[in-house]
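Student: Could you take me through one part of this model up close? I'd like to hear about the charged side chains and who pairs with whom.

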Amino acid sequence: MTDDPINLDGRRSVAGQRASEMRRRPANGQPPLALPQHPHLESLEDQMLAEPAWTWAEVLKRWRFLLDRYAMTPEAGDERIQKLIKRALGDMERLRKREERK
């Protein structure tokens, strides 16, 4: 047995390496959100379940939360899905800024 780590990515095909990379990377380039490290997420989930959103800013905040969570799932690992998520998050941010200027 050797003490050298085995580079599993080097043994994968190009498509397999790309798929692995997509699974490791969140959609918006930020570190993935995990409930144990972010207790405020539990309160946001509770708030989302307790009452409806009353402003567009609240709606955008909820959609951003849901898209971030979806981006961390294996189903969202496809490059096209990641691109769609990034575009949707960018659109939300642009609309939020426009609403703030009004």
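Tutor: Here's a walk through the charged pairs, with a bit of the surroundings to set them in place.

Keep in mind that this is a predicted model. The protein chain has 4 helices and 0 strands, and its mean pLDDT is 76, with 79% of the residues at 70 or more. Confidence peaks in helix 4 (residues 79–101), at a mean of 86, and is lowest in helix 2 (residues 39–50), at 69. Helix 4 is a good place to begin.

A search of the whole structure turns up 3 salt bridges. Take Asp91 and Arg94: their closest N and O atoms are 3.3 Å apart. The two sit 3 residues apart in helix 4, so about one helical turn separates them. Asp91 is partly exposed, at 31% relative accessibility, and Arg94 is partly exposed too, with a relative accessible area of 46%.

Now move along to Arg96, which has a salt bridge with Glu93, where the closest N and O atoms come to 2.3 Å. Here again the partners are 3 residues apart in helix 4, which means about one helical turn between them. Arg96 counts as partly exposed at 27%, and Glu93 likewise, at 24%. Arg96 also meets Glu100 in a salt bridge, 2.3 Å from N to O. That pair is 4 residues apart in helix 4, again about one helical turn. Glu100 is exposed, with 56% relative accessibility. Through the shared partner, Glu93, Arg96 and Glu100 link up into one network.

Then there's a charged residue that goes without. Arg62, in helix 3 (residues 56–71), is buried but has no salt bridge. The nearest side chain of opposite charge is Glu58, 4.3 Å away, and a salt bridge needs nitrogen and oxygen within 4 Å. So what is around Arg62, beyond its neighbours within four places in sequence? Its contacts there are Gln47, Met48, Glu51, Pro52 and Ala53.

For contrast, look at the nonpolar side. The largest nonpolar core has 7 residues: Leu60, Leu67, Ala71, Ala76, Ile85, Leu89 and Met92. Helix 3 and helix 4 each put at least two residues into this core. In soluble globular proteins, nonpolar side chains tend to be buried together. Over the whole protein chain, 19% of the 102 residues count as buried. Its accessible surface is about 8,200 Å², 56% of which belongs to carbon and sulfur atoms.

Conventions. Residues numbered from 1 in each chain as written. Predicted model: local features only at pLDDT ≥ 70, side-chain atom pairs only at ≥ 80, totals over all residues. Heavy atoms only, no water. Buried < 20%, exposed > 50% of the residue type's maximum accessible area, 1.4 Å probe, protein only. Areas by Shrake-Rupley, 256 points an atom, 1.4 Å probe, with all protein chains shown as cover. pLDDT = per-residue confidence, 0-100. Lys, Arg positive; Asp, Glu negative; His and termini not counted. Contact = heavy atoms within 4.5 Å. Core = buried A, V, L, I, M, F, W, Y, C linked by side-chain atoms within 4.5 Å.
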